[in-house]
Amino acid sequence: MAHQRVALWAAEPDLDDDINDADVDIPIPMPSSTNELYDDPNLQLDEGSLQAMQQHIAQQAAFAQIPDVVKRFIVHFHQAVLDNNLQEITVAYESGWTRLTEKYYAKTEWPEAETIAPLVNDDQIFLILYRELYYRHVYSRLQPNVDDRFHSYENSCELFNYLLNSDGPVPLSLPANWLWDIIDEFIYQFQSFALFRSRPASKTDDELTMLGSEGGASAWSSYSVLNVLYSLIQKSRANEWLKARAEGKSDEEIEEIVGEYGTKPLYRMLGYFSIIGLLRVHVLLGDFTLALKVMENVGLGQKAPFTAPTAVHVSTAYHAGICYFMLRRIPDAARVFTGVLNWVMRARQYHTRSYQYDQINKTADRMYALLALCHVLAPTRLDDNVMNIVRERYGDQIGRMGRGEEGLSTFEELFLYACPKFICANSPPYDDPAALASMLIPPTPTSPSSQNPNVVLGDPTQRHLRAASSHFVSLTPVSSLKSLLKLYTSLDAQKLTGFLDTSGAGVDEEEVLSWMMVMKNAGRCVGRVNTGGAAANGEKDNDEGSRPSESLLGGEWMSISDLNFVIDQNMVHIAESTVGRRYAGWFIRNSEHAARVLDGIKASPLPPRTAPAQVQKKSVDGPKGEGAPRTTGQKVAWGGVKVA
């Protein structure tokens, strides 16, 4: 019955004052014979002892400032972790921590781990988990300083060393949401530190010294982050487990394959989430091919091998779509975005109270922006519900980008908003002051690539922006050429040149021919979706979307344009293919709308009946015939009477 009781810290807000009035009797270790210690005139304290005593007094003062409800929450949280009570841990993690943060620590740090250590009997494992939450709060709500960045890395190393280097699987059970957040936050802090160290011009002398030290060079390095993720995958044998499940092996065979670590839910989920984390890390580093390759055994379906958090599906689709977009496989990117956005729209009503709700919405908004870019680069027929939202939010931007080079600034603005903040694997040479100083030379006419404090050295995001922008600029003649060719079935090349030379710039036939070759090339690409199937229209052709057995990098050349042409000497022959309207989707959407309207009418109260006095008297005095209203029977939902 212990798991059914309501924790004191999870009580209603009006009970918090009563809880705060209670005393939490937690023994704080005090130095013995304190009075004699201070009264001895011959006692001499060294500097280390004095600092330790001052630190102890400061911790006592900080401990006294902690509200009692927070102390009770920490004690309860610690006991739930000791008991491996997943239900209590989940409630404390998703509800209690968030609620107390909003009430007491919205603009300040939680108490440090050393301060709350007496509450948990100095349990080092719980303190590591507490620090993970502590630094995540600092990164999300506050501005981390350089010490926070290094200490969060040290705590992450302690956590993963405990999980990977213990003698056998550790006796720890954590909910899937927390395990995913551990991996996700680990990668986010790595990305944040990489962006922080890439701006040497804005660093203070102390920060330059710390970054140039041996520890600063190894902290949050790409090698260490990749090593952790690959070690978790190898320890849990996550890829072997996914392959065995795909091959339909029995549970006994799977347990023999994955070993003692892979059978534990903690390691199994960490290994699976590490694969998703590798996808994100390789995307941030700009290796889009390798990012998709590590996902071969996972696939891009909506069904996970266990109940994974919603944020896992959203993050997977977002970063896989970025990979396809940067590899110029626009239809595949649009299909991935459309599938997950459809799923998010259906599941959104169930996640409005989730602590991940805001992050999921932000990622979904970025995918809508990327889908607008996909529609401009390679217009294809997608799901109507999703495209209606895209046109509602980014209709003006799509119109501007459709006008050619005039829309380049709009394209760049949308790309910078929607893409992740790419990072560089290598840091500036902080350990070599001479080389670092040469990178910070003031601008000269011969050295225009000067640095200012807000410019990142060799910003990877700008490199990817230039690559995407060059692709957009190369396709600028396509829209006007395509709209013109749709008016004809055959057209003389010279006449076509005259139509396109509206500005009198002297466009010749060779230039028009090059534009037509660009249009021909833009209408074909390598893709995994079929042109005639449901997948091409943004619908899944099976329950799982993409089967894990299908290669994410595989595909074949296919046509994505509804307009084709051939050139016979000086004549251009045009053929346009039309796709029939999908009536099933139209009827389903309108039927759902009619059902919602009818439900609204039934739920709304009827106005009070106001009949004239004569009519009321006649109805009372007159005989009850067949035309008289029935006053007996069962009442229906909207206030009438249902005939029995």
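In this predicted model, strand S2, which covers residues 524-527, shows an alternating arrangement of side chains. Cys 525 and Gly 527 point to one face and are buried, whereas Arg 524 and Val 526 point to the other face and are not buried. This fits a general pattern: in a regular strand, side chains alternate between the two faces of the sheet. The neighbour of S2 in this pairing is strand S3, made up of residues 556-559. The two strands run antiparallel and are joined by four bridges. Following one of the residues already met, Arg 524 has Ser 559 of S3 as its bridge partner.

Attention now turns to charged side chains. Side chains of opposite charge can pair when their charged atoms come close. The structure holds nine salt bridges, and a few of them are described here. A good place to begin is helix H7 (residues 124-141), which contains both Arg 136 and Glu 132. These two residues form a salt bridge, with 2.8 Å between the closest N and O atoms. Because Arg 136 and Glu 132 are four residues apart in the helix, about one helical turn separates them. Both partners are buried. Their pairing also belongs to a wider arrangement, as Glu 132, Arg 136 and Asp 181 are linked in a network of salt bridges.

Another salt bridge brings together Asp 365 and Arg 393, at an N to O distance of 2.6 Å. This pair links distant parts of the chain, since the residues are 28 apart: Asp 365 lies in helix H19 (residues 357-377) and Arg 393 in helix H20 (residues 384-401). Asp 365 has a relative accessibility of 24% and therefore counts as partly exposed. Arg 393 is also classed as partly exposed, because its relative accessibility is 37%.

Glu 247 and Lys 249 make a further salt bridge, in which the closest N and O atoms are 3.7 Å apart. With a relative accessible area of 56%, Glu 247 is exposed. Lys 249, at 34% relative accessibility, counts as partly exposed.

Charged residues also gather on the surface. Asp 251, Glu 252, Glu 253, Glu 255 and Glu 256 form a negative surface patch. One of these residues, Glu 252, lies in helix H14, which spans residues 251-262. Glu 252 counts as exposed because its relative accessibility is 59%, a value over the 50% cut-off for that class.

Note on methods. Residues are numbered from 1 along each chain as its sequence is written. This is a predicted model: local features need pLDDT of at least 70, side-chain atom pairs count only at pLDDT 80 or more; totals for chains, interfaces and linings use all residues. Side-chain values use heavy atoms; hydrogens and water are left out. Buried means under 20% relative accessible area, exposed over 50%, partly exposed in between (1.4 Å probe, protein chains only). Two strands pair if DSSP finds at least two bridges between them. Patches are made of residues with over 30% relative accessible area and no salt bridge: like charges are joined within 9 Å, nonpolar side chains (Val, Leu, Ile, Met, Phe, Trp, Tyr) within 5 Å. Accessible areas come from the Shrake-Rupley method with a 1.4 Å probe; for residues, only the protein chains shown count as cover. A salt bridge is a side-chain nitrogen of Lys or Arg within 4 Å of a carboxyl oxygen of Asp or Glu. Lys and Arg count as positive and Asp and Glu as negative; His and the chain ends are not counted. The place of a charge is taken as NZ of Lys, CZ of Arg, CG of Asp or CD of Glu.
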